[in-house]
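Trainee: Could we sit down with this model and go through the reasoning behind the words we use for it? I would like to see how each label is earned.

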Amino acid sequence: MTRNHDLAPETLAAQALGFVDPEHKSLVPPVHYATTYERVPGGIGAAGGPGFSYSRNDNPSYTQVESLLQRLEGGEDALVMASGMSAVTAPFMALAPGDHVVVQNVMYWGIRRWLLTFATRWGLDVEFVEAEDLDALRAAMRPGKTKLVWVETPANPLWGIVDLAAAAEIAHAAGARIAVDSTVATPVLTRPLEHGVDLVMHSATKFLNGHSDVLAGALVTARKDEWWERIEQVRRDFGTVMGPQEAWLLLRGMRTLHIRVRKACENAMAIAEAMVRHPKVSHVLYPGLPDHPGHEVARRQMQGGFSGILSIRVAGGEQAALAAMRRMTVWHSATSLGGTESLAEHRASTEGPGTPVPDDLIRLAVGIEHAQDLIDDLTQALDG
């Protein structure tokens, strides 16, 4: 008889860890809307129960999706939160004012903006570095003072690749922890904890959910330590919990995670190869291409694909890029990524002043449509 821990990740996700309702034998878990739970006199949790007390602390709908994500990432514990931003800010809020943090320079703009505003006003000493350059990362470390290194790989929206094993070694040598935003890679392509990373973050709104209908964030830890306990406290005391319906939808979406990610990767590679040949595209930024500066590292730490997202830089500059955006009909002009539908976005205008993103860049978040339809639409939009 095959045991649960022997099953492949695809099977674990598709069957939601083999869930069967013990009472009704349903294969889909119920939504637990309760906010409070009966307590054992003098303690927490109903007699024989798992110890739930109040849904700002925990809820059975949270623990179902957390258990699956913990297994997929190979971590010791996991937390789901109300959004990607609540998940990314919690590890920083679990530090102390005055702590030095080293952060990747080009990454998701929402995190970068939060660090430049709230986090610095709150008292964190934030230093940005080109984390793909291991010498630069090493030079930024302050042994005994640096508490956290935060990286993203592939990094939005230029898709730089950080060598996770090497970066973890540098962080740990200085006495710091390292966390990675693995939203784009997902546990389908990369399991950062296996490379020495201490904490993995996902904007679960994106590929994990995959249907553009849930705001969610998630964290997975390599170990339950005092920092993780403080992160749990941040979720509880700040109230950054998901609704039970959103947790149920996230688990629903994760059942198809592997087939969606692999199809998106296949489409993205086909699009990247087509755009390399287009005369009105000056650069294609995709780690699956052999001439990408991070290709060899990506090949080593990404299994089964190079992500379902890429960027192109349009010859002719900002106005040519914006004109191409206006001519797209199959691609939707919208923010986000990881859904079934393909989205295009002119990131520089979305991010505004201070962005490090070139103004000729279009970010392409690839869905699971037919690749040729997406290529044809990009081609006609660029050709004008």
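What follows is a conversation about how certain labels in this predicted model are justified.

Trainee: Let's start at the surface. Why is L27 called exposed?

Mentor: Exposed means over 50% relative accessible area. L27 has 57% relative accessibility, so it counts as exposed. You will find L27 in the loop between α1 (9–14) and α2 (60–73). Together with V20 and V28, L27 forms a nonpolar surface patch, and the accessible area of the three is about 260 Å².

Trainee: K25 lies in that loop between α1 and α2 as well. What makes its backbone worth a remark?

Mentor: K25 has a positive phi of about 65° although it is not a glycine. Its relative accessibility is 56%, and the cut-off for exposed is over 50%, so K25 counts as exposed.

Trainee: S212 has a positive phi too, near 55°, and is not a glycine either. Why is S212 called partly exposed?

Mentor: Partly exposed covers the range between under 20% and over 50%. The relative accessible area of S212 is 47%, so partly exposed is the right term. S212 sits in the loop between β6 (199–202) and β7.

Trainee: Now the charged pairs. How do you know that E66 and R235 form a salt bridge?

Mentor: The criterion is a side-chain nitrogen of Lys or Arg within 4 Å of a carboxyl oxygen of Asp or Glu. For E66 and R235 the N to O distance is 3.0 Å, and the pair is a salt bridge. E66 is in helix α2 and R235 in helix α8 (residues 226–238), so this pair links distant parts of the chain, 169 residues apart.

Trainee: Are E66 and R235 buried or exposed, and what are the values?

Mentor: Buried means under 20% relative accessible area. E66 has 7%, so it is buried, and R235 has 3%, so R235 is buried.

Trainee: What makes the pair of D225 and R177 a tie between separate parts of the chain?

Mentor: Their side chains meet in a salt bridge at 3.6 Å, N to O. D225 lies in the loop between β7 (217–221) and α8, and R177 lies in strand β5 (residues 177–181), so the pair ties together parts that are 48 residues apart in sequence. D225 counts as buried because its relative accessibility is 15%, and the cut-off is under 20%.

Trainee: Which residues belong to the network around E345 and R347?

Mentor: Begin with the pair itself: R347 forms a salt bridge with E345, with the closest N and O atoms 2.9 Å apart. Salt bridges that share partners then join E345, R347, E351 and R363 into one network. R347 is buried at 4% relative accessibility, and E345 is buried at 6%. Over the whole structure, a search finds 18 salt bridges.

Trainee: On to the sheet. Why is strand β9 described as largely enclosed?

Mentor: Five of the six residues of β9 (residues 309–314) are buried, so the strand is largely enclosed by the rest of the structure.

Trainee: How do you know that β9 pairs with β8 and with β12?

Mentor: Pairing needs at least two bridges. Four bridges join β8 (residues 281–285) to β9, antiparallel, and V281 stands opposite V314 in β9. Five bridges join β9 to β12 (residues 361–365), again antiparallel. Within that pairing, L310 stands opposite L364, and I309 has A365 as its bridge partner.

Trainee: What makes β8 and β10 edge strands?

Mentor: The open sheet has five strands in the order β8-β9-β12-β11-β10, with mixed pairing. β8 and β10 (332–333) each pair on one side only, and they are the edge strands.

Trainee: Last topic: which peptide bonds are cis in the loop between β4 and α6?

Mentor: A cis bond joins T153 and P154, with omega about -15°. The bond from N156 to P157 is cis as well, with omega near 0°. P154 and P157 both belong to the loop between β4 and α6.

Trainee: And where does N156 appear again?

Mentor: In the largest pocket, whose volume is about 290 Å³. Of its 20 lining residues, the closest to the centre are Y108, N156, T183, S203 and K206.

Methods: Residues are numbered from 1 along each chain as its sequence is written. This is a predicted model: local features need pLDDT of at least 70, side-chain atom pairs count only at pLDDT 80 or more; totals for chains, interfaces and linings use all residues. Side-chain values use heavy atoms; hydrogens and water are left out. Patches are made of residues with over 30% relative accessible area and no salt bridge: like charges are joined within 9 Å, nonpolar side chains (Val, Leu, Ile, Met, Phe, Trp, Tyr) within 5 Å. Accessible areas come from the Shrake-Rupley method with a 1.4 Å probe; for residues, only the protein chains shown count as cover. Helices (H or I, at least four residues) and strands (E, at least two) are DSSP runs, numbered from the N terminus. Buried means under 20% relative accessible area, exposed over 50%, partly exposed in between (1.4 Å probe, protein chains only). On a 1 Å grid over the protein atoms alone, a cavity is a set of points where a 1.4 Å probe fits but cannot get out, and a pocket is an open set with protein on both sides within 12 Å along at least five of seven lines; lining residues have an atom within 4 Å of a point. Grid points are joined across faces, edges and corners, and a volume is the space filled by probe spheres set on the points.
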